[in-house]
Amino acid sequence: MRPRGSGLIGPVLALLIWAATILAASATAASHEHPPPLVLAPGYADLQFTPPAPGSYALPPLGDAADGAAIDSAGRATSLHTLSGDKIVLLSFIYTRCSDVNGCPLATFVMKGVQNRLLADPALTDQVRLLSFSFDPDYDTPAVLARYAEHFRAPDFDWRFLTTRSAEALAPTLDAYGQWVVRDVDEHGTYLGTVSHLLRVYLIDRERRIRNIYSTSFLHADTVANDIRTLLSAPREPS
Amino acid sequence: MIAPIRPVWFLLACLLCTPSLADETCMSPYMAKIVGQEDFVYIWTLGVAGVGDGQDKLVTVDVNPASPDYGKVVASLSVGGRHEAHHSGLTDDRRYLWASGLDTSHIFVFDIHSDPAKPRLHKTIDDFVAVSGGVVGPHTSYALPGRMLLTGLSNNRDHGGRTALVEYTNDGSFVATHWMPTDDNLQGAVKSGSYADGYGYDARALPRRNVLISSSFTGWINYMMNMGQMMADAEAMKRFGNTVVVWDLHARQPKKILDVPGAPLEIRCAWGGRHDYCFTTTALTSKIWLIYEDADGEWQAKAVADIGDASKIPLPVDISIAADDSLLWVNTWNDGLTRLFDISNPHAPVQVMEQRIGEQVNMVSQSWDGKRVYYTSSLLANWDKTQPAGPDLQYFKLYDWDGKALKPKFAIDFFAAGLGAPHQMRFGAYGLYGLKRPESAGIAATR
């Protein structure tokens, strides 16, 4: 028999509370335009199928993972290449004001699930780094990201929350990853504080190559964890 | 008056797609969607000798009733030569349209986001056969996250029907080739019936079930042959696909080969969160087939309805499933009919209406709300009818569907307009890219 999903899980509510708090503080939110609630993405429930066993399938490279300037939640300058190469990296592009439960909150929820799975497997815990990269540098300052991180990051786990100094500094990174975003405006051209985008999460190997890309329908902590195990099961290529 | 797509609405309703949402043209369930009025239809059009410049081209028609160019061709972009233009598909972010040629195996990637009214050729992939390891005839371009999955129809060894799925990144870099399972090499798949032919045609995914479904048609030798000649050739008529393959989507590995005899073509999967099934139709046996997951989690195939009188060879071609999984449009090319089936019970579809669209009818695409239904006529260069000449031979037509009948809104005679033979349609909209329609006067007069 195939498994069937369970209902809402506590952390989803935490994400929604975070988003609601942020939006309540935003004078530009346009709550009257929100459509009816959507069906939750598969990543919030138990996996609806038995995934292929780690190492039983290939994850062919999807191109080089680009570099990009960033600052971390402590305000220190860094870059994507500084934060990759030594570990497998799971990179999501998010913004903390994102109010759609199947968007950025899903990415953060799944990354927390991946974190939990890695913590449960000591052989994997130190092999992976999680990166949550904001594409809303105007709002997502290092201080905002630090507060956001407190809700999700386990103590001492290698999960970095990144932003940039400006939209101009961010643009080359988004372009290199094909992460298309559009700032939402009203009929007068006023920024609404939300950003239209297609959710993407990238799995990057230790050779800084993209090995999988997940979007809303595909993102689940179990399959991501299996992909990580698949990468780790293969011998590392000489650099 | 058509309401514009509002940015915030679009963010929530379209870009962050959940599996329960429907698609306006039967594309990837996770792709950005147009839930309101589409602005443009992009028509991948086969070049015809003596018609205009004779080249394959991407034709853009303005279909927004609020536009002064409503019903007009606003752009026509020729790609040089004839490649057997056939199918096309959008990337997951909907910024690019991939359109391929079944004869030359060239793939043309169009930028449709910079100016949705005037696509431009962004890239041409001309080494598909070489990099794929001998796959010929790229057909379906199906969006996966950050990449495109192309189905092949043939191969360069014997130009028969054995073929593969080929994967590219969105920027056009080759990723991998996944060959169809055959009797010679089942690749771990279970052969559940009599066939393991290795043929290919269309593909659709149900990510929530980790399933990819592929269908099967025929190879280059047949699809480039004159139709009358082929149908008179008993050996040629044996070279059609009889299988649907169920794949492990995540692993890209074939799991089960199902017998679906008679060339199963388009695959359309249901949208409902618990609707674990897809439909296909068989061109040669004129039946609707249901590909479904049974109560034990096993994927099965069964014929669930006849499409017209098979002895008269109606030749089912394109199909289109409604957003709520209640209705299925089925075109039969040979008699020019579109038929509507009630599929509320997917195991027992019932035809509820039929209407003649033209001398021949191939592709059908419907809007998100099902109120607008678009049709084109062309099948293949060497299979298309050439008589009787007139506006019902090679056309693009729009109808309004009121729940009872199709009411014509406009039609474009693609021969009279010097364009060619229209095939696959894909929708475009300014709102997808945070753009507004220019307030200047009509585009058609200036392009």
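Start with chain B of this predicted model. Its secondary structure comes to 5 helices and 31 strands. Show the C-alpha trace alone: along its principal axes, chain B spans about 60 × 45 × 45 Å. The radius of gyration is 20 Å, which agrees with the value near 22 Å for a compact globule of 447 residues. Of those 447 residues, 62% count as buried. Take the contacts in chain B between residues at least 6 apart in sequence: 54% join residues at least 24 apart.

**Into the core**

Select Val61(B). Together with Leu90(A) and Ile291(B), Val61(B) touches the most other members of the largest nonpolar core, a set of 185 residues. The most generous contributor to this core is helix α2 (residues 104–119) of chain A, with 8 residues. Now show what surrounds Val61(B). Leaving out residues up to four places away in sequence, Val61(B) touches Phe40(B), Val41(B), Ile43(B), Lys72(B), Val73(B), Val74(B), Phe396(B) and Ile412(B).

**Across to chain A**

Colour the open sheet of 7 strands in chain A. Its order is β2-β1-β5-β4-β3-β8-β9, and the pairing is mixed. At the edges are β2 (77–79) and β9 (210–214), each pairing on one side only. Neighbouring strands are turned by 30° against each other on average, direction ignored.

Next, pick strands β1 (residues 69–72) and β5 (residues 159–163) of chain A. They pair in the antiparallel sense over 2 bridges. Here Asp72(A) stands opposite Leu162(A) in β5(A). Then bring back α2(A), which packs on the sheet and touches β3 (88–94), β4 (128–134), β5 and β8 (201–204) of chain A. The direction of α2(A) makes about 160° with that of β3(A).

**Backbone stops in chain B**

Most residues other than glycine have a negative phi, and most peptide bonds are trans. The next three stops depart from that.

- Select Glu84(B), in the loop between β3 (73–78) and β4 (85–90) of chain B. Its phi is positive, about 65°, although Glu84(B) is not a glycine. Is Glu84(B) buried or exposed? Glu84(B) is buried, because 22 other C-beta atoms lie within 10 Å and the cut-off is 20 or more.
- Move to Ser105(B), in the loop between β5 (96–101) and β6 (107–111) of chain B. Ser105(B) also has a positive phi of about 65° and is not a glycine. Ser105(B) is buried, with 26 other C-beta atoms within 10 Å.
- Finish at Pro388(B), in the loop between β28 (372–376) and β29 (395–401) of chain B. The peptide bond from Gln387(B) to Pro388(B) is cis, with omega near -5°.

Notes. Residues are numbered from 1 along each chain as its sequence is written. Chains are lettered from A and ligands numbered from 1 in the order in which they are written. This is a predicted model: local features need pLDDT of at least 70, side-chain atom pairs count only at pLDDT 80 or more; totals for chains, interfaces and linings use all residues. A nonpolar core is a set of buried Ala, Val, Leu, Ile, Met, Phe, Trp, Tyr and Cys residues joined through C-beta atoms within 7 Å. A residue is buried if 20 or more other C-beta atoms lie within 10 Å of its own, exposed if 12 or fewer, and partly exposed in between; C-beta atoms are placed from the backbone. Helices (H or I, at least four residues) and strands (E, at least two) are DSSP runs, numbered from the N terminus. Two residues are in contact if their C-beta atoms, placed from the backbone, lie within 7 Å. The radius of gyration is taken over C-alpha atoms; the globule rule is 2.2 Å times the number of residues to the power 0.38. Two strands pair if DSSP finds at least two bridges between them. Axes are lines fitted to C-alpha atoms, for helices over the stretch in contact, and angles run from 0 to 180 degrees between N-to-C directions.
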